[in-house]
Amino acid sequence: MSKKRPPLATLALGALGALVALPAAGQASAIGPFAGVCESGGSAMLVHVTGFKARTGVIRVQSYGGDPDHYFDKGSYLRRIDVRVPSAGPADVCVPVPTPGRYAISVRHDVNGSGKTDRSDGGGMSGNPHLSLIDLMFKRKPSPDEVAVYVARGVKTVPVVLNYLQGGSFRPVA
């Protein structure tokens with residue numbers, strides 16, 4: 001008695017399913033204590049941090065929600081995640097969100113890992129707004145519309161390019 005072979009379409013769909021389950025070549029995995037939320041497709045922001053001037057220290061990612069006029073106010077964050085800077089490539093930090101809605105992200109690169117802000121540190125925000133040295137000195141915040149990220153369901157990628165003090169300006173490294 002001969003074995004019955006599955007139809008070619010069934011084999012093709014099985015192979016396609018196996019390929020979809022594999023991560024894309026070169027795609028970084030989420031890091032941080034909530035990486036599993038992003039990997040399972042839960043409601044979260046995957047903060048894609050690039051532009052490191054050094055591969056040392058710690059990055060702090062903070063999420064904000066609620067009243068947009070209070071984004072970035074001291075102590076008003078929803079979640080704060082500290083992770084070591086990866087040795088290469090971007091840092092993809094998973095930040096869960098409680099419900100669909102409007103959020104904002106801030107990132108600080110503590111280059112020397114001191115836990116204190118100093119002139120060597122860098123930072124960035126969702127929406128990558130331009131901030132001048134004067135804005136930083138007077139603690140001016142960008143418009144909520146510039147930094148807002150809407151998360152409906154699943155994982156929303158939020159690119160953030162780090163900026164550092166260079167001469168008389170605050171900008172990405174060349």
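**Group meeting: the largest pocket and an open sheet**

In this predicted model, the largest pocket has a volume of about 1200 Å³, where a pocket is, on a 1 Å grid over the protein atoms alone, an open set of points where a 1.4 Å probe fits, with protein on both sides within 12 Å along at least five of seven lines, and a volume is the space filled by probe spheres set on the points, which are joined across faces, edges and corners. Of its 33 lining residues, Arg108, Thr117, Met125, Leu136 and Lys139 are the closest to the centre, lining residues being those with an atom within 4 Å of a point.

Residues are numbered from 1 along each chain as its sequence is written. Local features need pLDDT of at least 70 and side-chain atom pairs count only at 80 or more, while totals for chains, interfaces and linings use all residues, and side-chain values use heavy atoms, without hydrogens and water.

Turning to the sheet, we have an open one of three strands, in the order 4-1-8 and with mixed pairing; strands are DSSP runs of E of at least two residues, numbered from the N terminus, and two of them pair if DSSP finds at least two bridges between them. Strand 4 (91-96) and strand 8 (155-161) each have a single partner strand, so one side of each is left without a neighbour in the sheet. Strand 1 (residues 44-50) runs antiparallel to strand 4 and is joined to it by six bridges, with leucine 46 opposite cysteine 94.

As for confidence, the mean pLDDT, the predictor's confidence in each residue from 0 to 100, is 85 for the protein, and 84% of its residues reach 70 or more.

Key:
Helix = DSSP H or I, 4+ residues; strand = E, 2+ residues; numbered from the N terminus.
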